[in-house]
Amino acid sequence: MRLLVKGGSIPVEQLGPDFLLVHEPFDHPPGDASVVLQVDQSERRWNVRLPHGISAAAKRVAIAAST
């Protein structure tokens with residue numbers, strides 16, 4: 001799993017209904033992103049909103065449905 005943000009890709013360790021845990025957090029403002037889930041040759045992508053952005057101090061990132 002990975003999170004695509006502004007052309008970058010961040011490994012995701014865990015995905016919950018309204019959060020995800022990123023491997024290497026960094027500071028990023030609120031905005032839109034995409035989650036990519038790949039299992040073998042099957043890939044699923046969906047858009048999410050990062051309502052609070054990403055903080056370098058925390059692995060937990062809040063996500064919400066993209067409108």
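**Entry 1: the nonpolar patch**

I looked first for nonpolar surface and found a patch of about 290 Å² that is made by Met-1, Leu-15, Leu-37 and Val-39. I keep in mind throughout that this is a predicted model. Of the patch members I followed up Leu-37, which lies in strand 4, residues 31–39. Leu-37 counts as partly exposed because its relative accessibility is 31%, and the cut-off for entering a patch is over 30%.

**Entry 2: the sheet**

I then traced the strand pairing and noted an open sheet of 7 strands, ordered 6-3-2-1-4-5-7, in which the pairing is antiparallel. The edges are strand 6 (60–62) and strand 7 (64–65), each of which pairs on one side only. For one pairing I went into detail: strand 2 and strand 3 (residues 19–22) run antiparallel to each other and are joined over 3 bridges.

**Entry 3: Gln-14**

Which residue of strand 3 stands opposite Gln-14? I found Leu-21 there, with Gln-14 itself placed in strand 2, residues 8–15. When I left aside the neighbours within four places in sequence, the contacts of Gln-14 were Met-1, Phe-19, Leu-20 and Leu-21. Met-1, which I had already met as a member of the nonpolar patch, is 13 residues from Gln-14 along the chain, and the two C-alpha atoms are separated by 8.2 Å. Gln-14 has a relative accessibility of 39%, so I entered it as partly exposed.

**Entry 4: the core**

Turning to the buried side chains, I noted that the largest nonpolar core has 13 residues, and that Leu-3, Val-5, Leu-20, Val-48, Leu-50 and Ile-54 are those with the most contacts inside it. Where do the residues of this core come from? Strand 1 (2–5), strand 2, strand 3, strand 4 and strand 5 (42–50) each supply at least two of them. I listed the surroundings of Leu-3 beyond four places in sequence, and its contacts include Leu-20, Val-48 and Ile-54, and also Gly-8, Ser-9, Ile-10, Val-12, Val-22, Ala-33, Ser-34 and Val-35. Leu-20 thus appears twice in my notes, as a contact of Gln-14 and as a contact of Leu-3.

**Entry 5: the salt bridges**

How many salt bridges does the structure hold? I recorded 3 salt bridges, and I looked at them in turn.

In one of them the side chains of Lys-59 and Glu-13 meet at 3.3 Å, N to O. Lys-59 lies in the loop between strand 5 and strand 6 and Glu-13 in strand 2, so this pair ties together parts that are 46 residues apart in sequence. I have both partners down as partly exposed, Lys-59 with a relative accessible area of 39% and Glu-13 with 41%.

Another joins the side chains of Asp-32 and Arg-49 at 3.5 Å, N to O. Since Asp-32 lies in strand 4 and Arg-49 in strand 5, the parts tied together are 17 residues apart in sequence. I noted a relative accessibility of 35% for Arg-49, which counts as partly exposed.

Arg-45 forms a salt bridge with Glu-43, and here the closest N and O atoms are 2.8 Å apart. Glu-43 is at 39% relative accessibility and so is partly exposed.

Technical notes. Residues are numbered from 1 along each chain as its sequence is written. This is a predicted model: local features need pLDDT of at least 70, side-chain atom pairs count only at pLDDT 80 or more; totals for chains, interfaces and linings use all residues. Side-chain values use heavy atoms; hydrogens and water are left out. Helices (H or I, at least four residues) and strands (E, at least two) are DSSP runs, numbered from the N terminus. Buried means under 20% relative accessible area, exposed over 50%, partly exposed in between (1.4 Å probe, protein chains only). Contact means heavy atoms within 4.5 Å. Two strands pair if DSSP finds at least two bridges between them. Patches are made of residues with over 30% relative accessible area and no salt bridge: like charges are joined within 9 Å, nonpolar side chains (Val, Leu, Ile, Met, Phe, Trp, Tyr) within 5 Å. Accessible areas come from the Shrake-Rupley method with a 1.4 Å probe; for residues, only the protein chains shown count as cover. A salt bridge is a side-chain nitrogen of Lys or Arg within 4 Å of a carboxyl oxygen of Asp or Glu. A nonpolar core is a set of buried Ala, Val, Leu, Ile, Met, Phe, Trp, Tyr and Cys residues joined through side-chain atoms within 4.5 Å.
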